[in-house]
Amino acid sequence: MALENPDTHGIILKLNNIEVMYHEVILVLKGVSIDVPHGGIVALLGANGAGKSTTLKAISGLLKHEDGEVTDGSIEFMGERIHHLSAEEIAKRGIFQIIEGRRVFEHLTVEENLRVGAHLGGNGSAIKERLEMVYHYFPRLVERRNVLAGFVSGGEQQMTVIGRALMAQPKLMLLDEPSMGLAPLLIKEIFDIITQLNKQERIPLLLVEQNVKLALTVAPYAYVLENGRLVMHDTSEKLKENPDIRDFYLGLSDIGERKSFRQVKHYKRRKRWLT
Amino acid sequence: MELFLQLFITGILVGSIYALVALGWTLIYKCSGVLNLAMGELTLIGAYVCITFYHWGIPFVLALIFTLVVGFALGILTEILFLRPMVGEPVLSVIMVTVGLSFFFKGIVELFFGTDTVVFTPTVFPIEPVYIGKVVVGQVYLWAFVASIILLLAFVSFFKYTKWGLSMQATADDEMAALSLGVNAKVVYALAWAIAFMAAGVGGTLLGNINGLNISVGYLGLLVLPAVVLGGMNSVPGAIVGGLVIGVLQNLADGYLSPFTPGGVKDVFPFAVMVIVLLFKPYGLWGWIRIERV
């Protein structure tokens, strides 16, 4: 934890040493602190079960619907403590989580899905304007607008889900594994759009991603979670050079060439991050 | 052929009332996964509320509108008082709560209105029948049909074109995703009960106009179950078609089979159909099988 986030110009979201407990017994997050700067992209990395999704749910308030709660620490959004608020209240403040697994409303059409995104406010003409904006970023959705969302392709579903959150005019977007189960070309397309959104609409993003290489390319700053603890955070440039990250998450050897699968020894970490 | 047409048309007209009640049933199931076994009692309460207004001298149409308002309020109240404390409990427990509710409501009705059959006096609709070709139809049936269709259209457009309608469908589809967009699930459940109460109330009122009103109108709730199952539990158009089909089948069974049986075919037949449908189409005609893309 020696390194400070160098992006000092204004923090929009601040997680302050939060602890999350499920069912009042299972401690899932044990002190996680994350800063997301205004207009920035921050990646959250870690293996399965490290607590990445839980962190996002703690921020968006969805945690409370899974019988979990923030038992310690605080979450501040634009200077306001939000961790005790309901999911609805948090959404009203502009935080929208895109849940893992392309959760479209299957029995609504693509356009109806998008309209539900504008649930919190927005009259007829404003909604039309935002629909135009979404179709501008996701031109593929235009011809699929009247198809049931359950029947469009996986990539289009992911676009629908991102577009749906966009309809809400988010002040902060939490993206949970947007690349999951998609073809490489589609992943590239979606990530291009995500970066565009960040640049042009100035929407700050907190990105959870298993594809570490991709995440470190898109996000200039990243945090690494393991077993519910924050084990390191740094600029992506430096993380890419970090031998542990290279070995464990990227599967690269010291000189930078790709290791063969046989050489990757998952159990043999250079040092334990936590002792 | 004339007999067939006669039975068929009467069936459609009565079926529209079933459709209305089935819609309420479907809605609650769709949004919260709860089979509302108190549906029949909701129709009962609505009908008694309406007849009370009517006997106070309020014109029928106005009384019907008041019934809708009262139904809306009662629906929200029921949800808040009885269902909300059960959020997060197993669905079976919630269904048992609705069983309790059905007895509770029945008790309330008996307490306030007694068990004697009451009729709308003066009769709301003229008694002279109407001729459609060679088919004779009571005006009550015709107007009940018109009222049901208007209300059904209103509900369907509510789901299709309004913000809360869409959000209700969204919540039925994926509650967590809807929550993440700031949809308040509590409001959605309350709305579902309110609409169910409204639909049931009008259904009960119309039926009360046809047969007179007593505690047995509450059995309509159970009679509608085959319609709901036929349509596929969570499909709104399915509930409407299911209601109409059950209405027709019931009348045909009554017309053609009653002479050969000691009676009661009319009540049994819809359930026989339900069993057969379940055998061959367990999800009903338009029920949700989870959409799987391969």
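Begin by selecting R202 of chain A in this predicted model, where, just after α6(A), the residue R202(A) takes a positive phi of about 55 degrees. Extend the selection backwards to helix α6 of chain A, residues 184-200, whose 17 residues reach 24 Å from the first C-alpha to the last, close to the 24 Å expected at 1.5 Å a residue.

Next, colour the six strands of chain A that form an open sheet with mixed pairing, taken in the order β6-β7-β8-β3-β9-β10. The edges are held by β6 and by β10 (229-235) of chain A, and each of these has a single partner strand, so one side of each is left without a neighbour in the sheet. If you look across the strands, the twist from one strand to the next averages 15 degrees. Within this sheet, select strand β3 (residues 41-46) and strand β9 (residues 221-226) of chain A, which pair in the parallel sense over five bridges; among the residues to label there are G46(A) and its bridge partner in β9(A), L225(A). Then add helix α1 of chain A, which packs on this sheet and touches β3, β6, β7 (172-176), β8 (205-208) and β9 of chain A, with its direction making about 150 degrees with that of β7(A).

Keep α1(A) on screen and turn to another sheet of chain A, an open one of four strands in the order β2-β1-β4-β5, with antiparallel pairing. Here β2 (26-37) and β5 (80-81) of chain A stand at the edges with a single partner strand each, so that one side of each is left without a neighbour in the sheet. Helix α1, residues 52-60 of chain A, packs on this sheet as well, touching β1, β2 and β4 of chain A, and its direction makes about 70 degrees with that of β2(A). For the pairing itself, select strand β1 (residues 11-22) and strand β4 (residues 68-77) of chain A, which run antiparallel and are joined by eight bridges; on this pair, E19(A) stands opposite D72(A) in β4(A).

Now show both chains and select the residues at which they meet, a contact that takes 25 residues from chain A and 18 residues from chain B. On the side of chain A that touches chain B, the elements that give two or more residues are α2 (87-92), β6 (95-98) and α3 (110-117) of chain A. Coloured by class, that side of chain A has 11 nonpolar, seven polar and seven charged residues.

Finally, hide chain A and follow chain B, which has 12 helices and two strands, its elements running from the N terminus on as α-α-α-α-β-β-α-α-α-α-α-α-α-α. The C-alpha atoms of chain B fill a box of roughly 55 × 50 × 35 Å along the principal axes, and its radius of gyration of 19 Å agrees with the value near 19 Å that a compact globule of 294 residues would have.

Within chain B, the last selection is helix α5 (residues 139-161) with helix α6 (residues 163-173), which pack at an angle of about 80 degrees with their axes 5 Å apart. That angle makes α5(B) roughly perpendicular to α6(B). Show side chains for F158(B), F159(B), K160(B) and Y161(B) in α5(B), which meet G165(B), M168(B) and Q169(B) in α6(B). By class, this contact of α5(B) with α6(B) has four nonpolar, two polar and one charged residues.

Methods. Residues numbered from 1 in each chain as written. Chains lettered and ligands numbered in written order. Contact = placed C-beta atoms within 7 Å. Nonpolar A, V, L, I, M, F, W, Y, C, P; charged D, E, K, R; others polar. Pairing = 2+ DSSP bridges. Axes fitted to C-alpha atoms, helices over the stretch in contact; angles between N-to-C directions. Parallel < 35°, antiparallel > 145°, perpendicular 65-115°, else oblique. Expected span 1.5 Å × (residues − 1). Rg over C-alpha atoms; globule rule 2.2 N^0.38 Å.
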